[in-house]
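Work through the exercises below with the sequence and the model open side by side. Each task is followed by a solution in steps.

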Amino acid sequence: MNVRAVAANILFQVVDKGQSLSNALPAGQQQVKPRDQALLQEICFGALRILPRLESIASELMEKPLKGKQRVFHHLILVGIYQIGNMRIPAHAAVGETVEATKTLKGPKLRGLINAVLRNYQRNQEQLDEISMSHNAGKYGHPGWLLKLLQNSYPEQWADILEANNTKAPMWLRVNHQHHTRDEYLELLKNEGIDCTAHSEAQDALKLAAPCDVNNLPGFDKGWVSVQDAAAQLSLNYLQPQDGELILDCCAAPGGKTAHILERTTGSKVVAIDCDETRLKRVHDNLQRLQLQATVVCGDARTPQEWWQGEQFDRILLDAPCSATGVIRRHPDIKWLRRAEDIAALAELQREIFDAMWQQLKTGGTMVYATCSITPQENVEQVKAFLARTSNAQLVDSDINHPGRQILPGEEDMDGFYYAVLKKA
């Protein structure tokens, strides 16, 4: 199918229908030739990063918006504007291919309109781009509620956070310690002409100078290496799993942290639980490729009695459901799918899971509370409230007034992440 048509439909599914890009994009990639899949991804990710600017330009060029059954063609116009203004594709080719997409989308009568709009943008690009950047949403590429939250929470760093959110994320690798040390695998990459650097803290993490197809990574099919952001890999530093322990990875999908625990321990029994059966399939797939064994359970973390009748756990990694505001650079749709009221609802869900999981931890055991969020309500305030109501919980290696560690997006080129370590007295 025409790549621009598929991209327009993906944007329609995400922006208008509320579907996640993680679901919509893979389905769309199956509709185009393999050589066009990277182009499709670039258009979708890029357009979502600067969506308010594209919407602003489109509104300046059209007397009235396209609605109803014609709505997908509105997104086709956004696809065309994005290509002309932000990609190296020659403008005439971008316009031609985008107009041609009206056939695929069964709207040939709109061909003239779309051609006129895109040609008009091409002629008046500088002026229209300037208008699109004249308001906060266009300038910063974030919805107003999130911009305000970040400005209030991080008065000195908010601009850097926005900049990090609007850039492409790097490709981080996690070396499987059961096969190679990080230095050994680094040499394998260099022999293949793949340039990379090591992380200062995450002991198995390597950052590629440029992303590549995983099939070009030495031994990927043999489980020698996985793709995982360095911030997520730091979970091992805080959990510090030991050989032979019973360990729970709570809200585990897609299974990267489960696998990392198994790669770094011997004889440990790891239970991976998640409430989403579909996402658990990725846990099984990852474990199979890495040739690792874990007990994988589908269940609600708030009601562990329904899925666990075994002993209490030595360690629990509670990677709580969250707003994912720390990984916007990898999932730009989060900015437009998330709502301000979601934060309070998520914080309540986290509180329920926190309390339920604490009951599953042995006395003397360690729990790591983690999120890929940067909102204080889900992180620092959540841990403070837990400590206040839980007499046998002790905070480890941080100040009770500022509990845990908040990693901000872009810090050593990592995603945004939060960790707090708690001991059961």
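**Exercise 1. The surroundings of Cys251**

Task: Decide whether Cys251 is buried or exposed, then find where Cys251 lies and which residues it contacts.

Solution. Start with accessibility: Cys251 has 15% relative accessibility, so it counts as buried (buried is under 20% relative accessible area, exposed over 50%, partly exposed in between, with a 1.4 Å probe and protein chains only). Next, locate Cys251 in the loop between strand 5 (246–250) and helix 15 (256–264); helices (H or I, at least four residues) and strands (E, at least two) are DSSP runs numbered from the N terminus. Then list the contacts, meaning heavy atoms within 4.5 Å. Leaving aside neighbours within four places in sequence, Cys251 is in contact with Ile273, Asp274, Ala301, Leu318, Asp319 and Pro321.

Before going on, note that this is a predicted model, in which local features need pLDDT of at least 70 and side-chain atom pairs count only at pLDDT 80 or more, while totals for chains, interfaces and linings use all residues. Residues are numbered from 1 along each chain as its sequence is written, and side-chain values use heavy atoms, with hydrogens and water left out.

**Exercise 2. The annotated binding site**

Task: Find which residues UniProt lists under "binding site", and describe the place of Asp300.

Solution. The unreviewed UniProt entry gives Cys251, Ala252, Ala253, Pro254, Gly255, Gly256, Lys257, Asp274, Asp300 and Asp319; such annotations may be inferred rather than shown by experiment. Asp300 sits in the loop between strand 7 (295–298) and strand 8 (313–319). Its relative accessibility is 28%, so Asp300 counts as partly exposed. Not counting residues up to four places away in sequence, Asp300 touches Ile273 and Trp307.

**Exercise 3. The annotated active site**

Task: Find which residue the "active site" annotation covers, and describe its surroundings.

Solution. The annotation, from the unreviewed UniProt entry, covers Cys372. Cys372 lies in the loop between strand 9 (361–371) and helix 19 (380–389). With 17% relative accessibility, Cys372 counts as buried. Apart from neighbours within four places in sequence, its contacts are Cys322, Ala324, Thr325, Gly326, Val327, Gly416 and Phe417.

**Exercise 4. Two partners of helix 3**

Task: Describe how helix 1 and helix 2 each cross helix 3, and which residue classes take part.

Solution. Take helix 1 (residues 3–16) and helix 3 (residues 37–49): their axes come within 10 Å and cross at roughly 40°. Axes are lines fitted to C-alpha atoms over the stretch in contact, and angles run from 0 to 180 degrees between N-to-C directions. That angle makes helix 1 oblique to helix 3 (under 35 degrees is roughly parallel, over 145 roughly antiparallel, 65 to 115 roughly perpendicular, the rest oblique). The residues of this contact divide into 13 nonpolar, no polar and one charged; Ala, Val, Leu, Ile, Met, Phe, Trp, Tyr, Cys and Pro count as nonpolar, Asp, Glu, Lys and Arg as charged, and the others, Gly among them, as polar.

Now take helix 2 (residues 21–29): its axis and that of helix 3 come within 10 Å and cross at roughly 150°. Helix 2 is therefore roughly antiparallel to helix 3. By class, the contact of helix 2 with helix 3 has six nonpolar, four polar and no charged residues.
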